[in-house]
Amino acid sequence: FGSSALHPSIMRALRLRSGRPVVRRWVSTEADAPALHTGELQLQKHSNGCVEYTLNRPKKLNALSLDQAITMSNHLPLLDQDTQCKMVLVNGAGHKAFCAGGDIDRIVDESNSGWNLRWFATEYRMNYRISKFQKPYVAMWRGIVMGGGVGISIFGSYRVATENTLFAMPETGIGFFPDVGASYFLPRLSAPGLGLFLGLTGHRCNGADALHQGIATHFVPLGAVEEVTAALLRANFEADAHSTVRNILDDFRAEPETAPTLNEGCLENVAKYFGAPESLEHLLDTLEADADTSCFAGKTLRLLRSKCPLSCAVAFRQLRRGRDLSLAECLQMEYQLAASFTHVDNYNMREGVRCTLHDKDSKPEYRPRSIEAVTADELDKIFLGVPGDTLDLE
């Protein structure tokens, strides 16, 4: 894996000593890989062609930063073209979280400064470039995988869950909406109604759920993750990199010992209520009609009533639309939604973050106060985002 093989902007972040991979911080002022300069992203080049990234913000549960998204987004097209790069491996520092989301507090603080537009454009471009990456892209899902952590992995070729994986898209609970391509991947889950259920409720899936519902591609015991990583780092990828990765992951594959939360009974109820509702109001009416006789209906109704009404209305429409859109079209739609929620008027997100993540004993005062009060005109305006501002995915 010669030093002249990788693109110069990547090579400046790497050094090889005695044939062993060594990482140093990015010491230039160039803008193409800022997270290597800050240490928020660690990068190792291994002699077998594996390029390994570690999200290195453990005190913030490895929440994704703008600098990390810039770096990954810039590197991926270069690595895809480089014949000496055989695969990409992505980890989160520590075992508590792969990546718990984006930099929510900064998104709220920046309001309409313009930073949020840059953040979402960069993040969604990274999501899209991951989907286009042709080489093996392996994400090790140790711990929490939410929001931005989903986006940095869900479109890669391999997603490895463990017994401590916690997967969720909880955005309706903080006055936002399920993004990072959720409009595309949630409606395409095979279980009837499951994508809508996960997107509206923010239900937390364990490793068994992730595997059985096709969210993760593989499951390995947490104690075997280091062995899997070691096997990937010494593998020979010359013949067929994808086959080699699949064989290694299959060798360590195990059946989860923990029972799924999305068991047969739960999935039956998900299909019954979320499978084909005529509207969000119809879904709520159906749940309310059964709330006294069905534990699932009552619990789910109370959960939906606790979410941001505008977020739920937006999520329902976006997930319905996303069924017929390409990933690029979904990300374009989500960019306009993100602009509306964070740049045009961030009241609901500010209120949701304050009450859910900070003042946890208070109840958010969302606008409007109920799902029934959300009008079609309001939704139309939110889907417009910032007129004339479009997302460049290339």
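These exercises, each with a worked solution, explore helices, packing and unusual backbone angles in a predicted model.

**Exercise 1. The length and bend of a helix**

Work out what span is expected for helix α3 (residues 66–81), and decide whether the end C-alpha atoms agree with it.

*Solution.* Begin with the count, which is 16 residues for α3. At 1.5 Å a residue, where the expected span is 1.5 Å times one less than the number of residues, α3 should span 22 Å. The end C-alpha atoms of α3 are 24 Å apart, which agrees with that expectation. Next, follow the axis along the helix: α3 bends by about 25 degrees at histidine 75, and proline 77 follows within four residues of that point. Finally, look at the covering of the helix, where the buried residues of α3 include Leu66, Ala69, Ile70, Met72, Leu76 and Leu79, and His75 at the bend is buried as well.

**Exercise 2. Three pairs of packed helices**

Classify the packing of α3 with α5, of α13 with α14 and of α15 with α18, using the angle in each case.

*Solution.* Two packed helices are described by the angle between their axes and the distance between the axes. The classes need cut-offs: angles under 35 degrees count as roughly parallel, 65 to 115 as roughly perpendicular, over 145 as roughly antiparallel, and the rest as oblique.

Take α3 and α5 (115–132), which pack at an angle of about 30 degrees with their axes 9 Å apart; these two helices are therefore roughly parallel to each other. The crossing of α3 past α5 is left-handed. Among the residues of α3 that take part are Leu66, Ile70, Ser73 and Pro77, and among those of α5 are Trp115, Trp119, Thr122 and Met126.

Continue with helix α13 (residues 280–290) and helix α14 (residues 295–306), whose axes are 8 Å apart at an angle of about 135 degrees. This pair is therefore oblique, and its crossing is left-handed. On the α13 side the contact involves Leu284, Leu287, Glu288 and Asp290, which meet Ala297, Thr300, Leu301, Leu304 and Arg305 of α14.

End with helix α15 (residues 309–322) and helix α18 (residues 376–384), which pack at about 65 degrees with their axes 11 Å apart. That angle makes α15 roughly perpendicular to α18, and the crossing of these two helices is right-handed. The contact is made by α15 residues including Leu310, Val314 and Arg317, together with α18 residues including Leu379, Ile382 and Phe383.

**Exercise 3. Two covered helices**

Determine how many residues of α15 are buried, and how many of helix α8 (residues 194–201).

*Solution.* A residue counts as buried when its relative accessible area is under 20%. In α15, 12 of its 14 residues are buried, so that this helix is mostly covered by the standard of that cut-off; among the buried ones are Pro309, Cys312, Phe316 and Gly322. The length of α15 can be tested too, because its 14 residues should span 20 Å at 1.5 Å a residue, and its end C-alpha atoms are 20 Å apart, which agrees.

In α8, eight of the eight residues are buried, so this helix is largely enclosed by the rest of the structure. The elements that cover the buried residues of α8 include α12 (264–274), α13, α14 and α15. After α8 comes glycine 202, which has a positive phi near 70 degrees.

**Exercise 4. Exceptions in the backbone**

Find where leucine 61, serine 111 and proline 368 lie, and state what is unusual about the backbone there.

*Solution.* Most residues other than glycine have a negative phi, and most peptide bonds are trans. Leucine 61, which is not a glycine, has a positive phi of about 55 degrees; this leucine is found in the loop between β4 (50–55) and α3, and with a relative accessible area of 28% it is partly exposed. Serine 111 also has a positive phi, near 50 degrees, and lies in the loop between α4 (104–110) and α5. At 23% relative accessibility, serine 111 counts as partly exposed. Proline 368 sits in the loop between α17 (347–358) and α18, and a cis peptide bond, with omega about -10 degrees, joins arginine 367 to this proline.

Note on methods
Residues are numbered from 1 along each chain as its sequence is written. This is a predicted model: local features need pLDDT of at least 70, side-chain atom pairs count only at pLDDT 80 or more; totals for chains, interfaces and linings use all residues. Side-chain values use heavy atoms; hydrogens and water are left out. The bend at a residue is the angle between axes fitted to the seven residues ending there and the seven starting there. Buried means under 20% relative accessible area, exposed over 50%, partly exposed in between (1.4 Å probe, protein chains only). Axes are lines fitted to C-alpha atoms, for helices over the stretch in contact, and angles run from 0 to 180 degrees between N-to-C directions. A crossing is left-handed if the near helix is turned anticlockwise from the far one by less than a right angle, and right-handed if clockwise. Contact means heavy atoms within 4.5 Å.
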